[in-house]
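Trainee: I would like to go through this structure one question at a time. Please give the reasoning first and the answer last.

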Amino acid sequence: MSNSPSSVVQQLAIGIRQLEKSRRRFDRDLQPVVSTGIPSLDLLLPHRGLLRGTLTEWVSTSIGSGAMTLAMMAARKGREGRPVIIVDPQHQFYPPAAKLLNLPLRSLTIIRPHNRRDTLWALEQALRSRAVGAVLATPDYVTSHEFRRLQLAAQVGNSLGLLVRTGIDQHQATWADVRLRVKPVSTIGTTHTRRLHIHILYARGCHHDAGVVLDVCDESGTVCVVSKLSSAAISSRAAGA
């Protein structure tokens, strides 16, 4: 067997792909899948939704982009009769918006920490609790070490962790299983409808270049899919990748 550098690299690449495929089968068999609340987006994700025991990032360039709205939709699906914890260090969470999206206010516990240390502590403890259905948070800067602790906490609690991140580098490393970019799209229409482009930046174990465009009505809380972008990942999944 050749020991040339190119041969070694090829062998390592094959081994990594096998490990990733094995991990995806393990997760699919053992972890419950939660819908994002958007069926067209679910179809583009490796597990047709979000896995419990993992973190999902909703990345946006500015506050009010629609990322919080979409994260609340996923929290509603992940609640499953249990409380939803909101960690809101910026004090910007608007409860009536949750009610409009059919996320019962009685199910919400809102934590408003006063500093970064308390924010990370509250988030980690909430993720570790198996009594919680979903945890939605808007943390500022998180180090790789802190991110890893949050990931492990989500695994322990088997919780659905939803992190709304604003103004971060979308290319930086992440411990989340899924990273989605939410971007507003300018339209000419009613003032109560927002058009949002959701792009899959990262999904653990798969390469993606896909997304959906949605219209969200702020008056009724309804969502209409405008279009679904093509994805090379769909064909790779169909081929058993």
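Trainee: Over how many bridges do E4 and strand E5 pair?
Mentor: Helices (H or I, at least four residues) and strands (E, at least two) are DSSP runs numbered from the N terminus, and two strands pair if DSSP finds at least two bridges between them. E4 covers residues 84-87 and E5 covers residues 108-111. Val-87 of E4 has Ile-111 as its bridge partner in E5. The two strands run in the parallel sense, and the number of bridges is 4.

Trainee: What kind of model is this, and from what number are residues counted?
Mentor: The model is predicted: local features need pLDDT of at least 70, side-chain atom pairs count only at pLDDT 80 or more, and totals for chains, interfaces and linings use all residues. Side-chain values use heavy atoms, with hydrogens and water left out, and along each chain, as its sequence is written, residues are numbered from 1.

Trainee: Through which helix does the chain cross from E4 to E5?
Mentor: This β-α-β crossover is right-handed, meaning that with the strands pointing away from the viewer, the path from the first strand over the helix to the second runs clockwise. The helix on that path covers residues 95-100 and is H4.

Trainee: Which residues of E4 are buried on the side opposite Val-84 and Ile-86?
Mentor: Buried means under 20% relative accessible area, exposed means over 50%, and partly exposed lies in between (1.4 Å probe, protein chains only). Both faces of E4 are covered, with Val-84 and Ile-86 buried on one side. The buried residues on the other side are Ile-85 and Val-87.

Trainee: Which residue of E6 stands opposite Val-87?
Mentor: E4 also pairs with E6 in the parallel sense, over 4 bridges. Within this pairing, Val-84 stands opposite Ala-134. The residue opposite Val-87 is Ala-137.

Trainee: Are the faces of E6 covered or open?
Mentor: E6 covers residues 134-137. On one side Ala-134 and Leu-136 are buried, and on the other Val-135 and Ala-137 are buried. Both faces are therefore covered.

Trainee: Which residue of E7 stands opposite Val-135?
Mentor: E6 and E7 pair in the parallel sense over 4 bridges. Ala-134 stands opposite Leu-160 in E7. The residue opposite Val-135 is Gly-161.

Trainee: Which helix makes a β-α-β unit with E6 and E7?
Mentor: The unit is right-handed. The helix in question has 14 residues, numbered 144-157, and reaches 20 Å from its first C-alpha to its last. That is close to the 20 Å expected at 1.5 Å a residue, where the expected span is 1.5 Å times one less than the number of residues. The helix is H6.

Trainee: Within what arc do the buried residues of H6 fall?
Mentor: Those residues are Glu-146, Phe-147, Leu-150, Gln-151, Ala-153, Ala-154 and Gly-157. They line one face of the helix because, seen down its axis, they fall within an arc of 160°.

Trainee: Which residues are exposed on the other side of H6?
Mentor: The buried residues of H6 have cover that includes strand E3 (54-60), helix H5 (116-128) and strand E7 (160-166). On the other side, the exposed residues are Ser-144 and His-145.

Trainee: How many of the residues of E7 are buried?
Mentor: E7 pairs with E3 in the parallel sense over 7 bridges. In that pairing, Trp-58 stands opposite Val-164. E7 is largely enclosed by the rest of the structure, because its buried residues number 6 of 7.

Trainee: How far apart are the end C-alpha atoms of H5?
Mentor: The buried residues of H5 include Leu-120, Leu-123 and Leu-127, and their cover includes E3, E4, E5, E6, H6 and E7. At 1.5 Å a residue, the 13 residues of H5 should span 18 Å, which agrees with the distance between its end C-alpha atoms, 19 Å.

Trainee: How many of the 13 residues of H3 are buried?
Mentor: H3 covers residues 67-79, and its end C-alpha atoms are 18 Å apart. Its buried residues include Leu-70, Met-72 and Met-73. H3 is largely enclosed by the rest of the structure, because the number buried is 10.

Trainee: What share of the residues of the chain counts as buried?
Mentor: The chain contains 7 helices and 11 strands. Of its 241 residues, the share that counts as buried is 46%.

Conventions
The arc is that of the directions from the helix axis to the C-beta atoms. Contact means heavy atoms within 4.5 Å.
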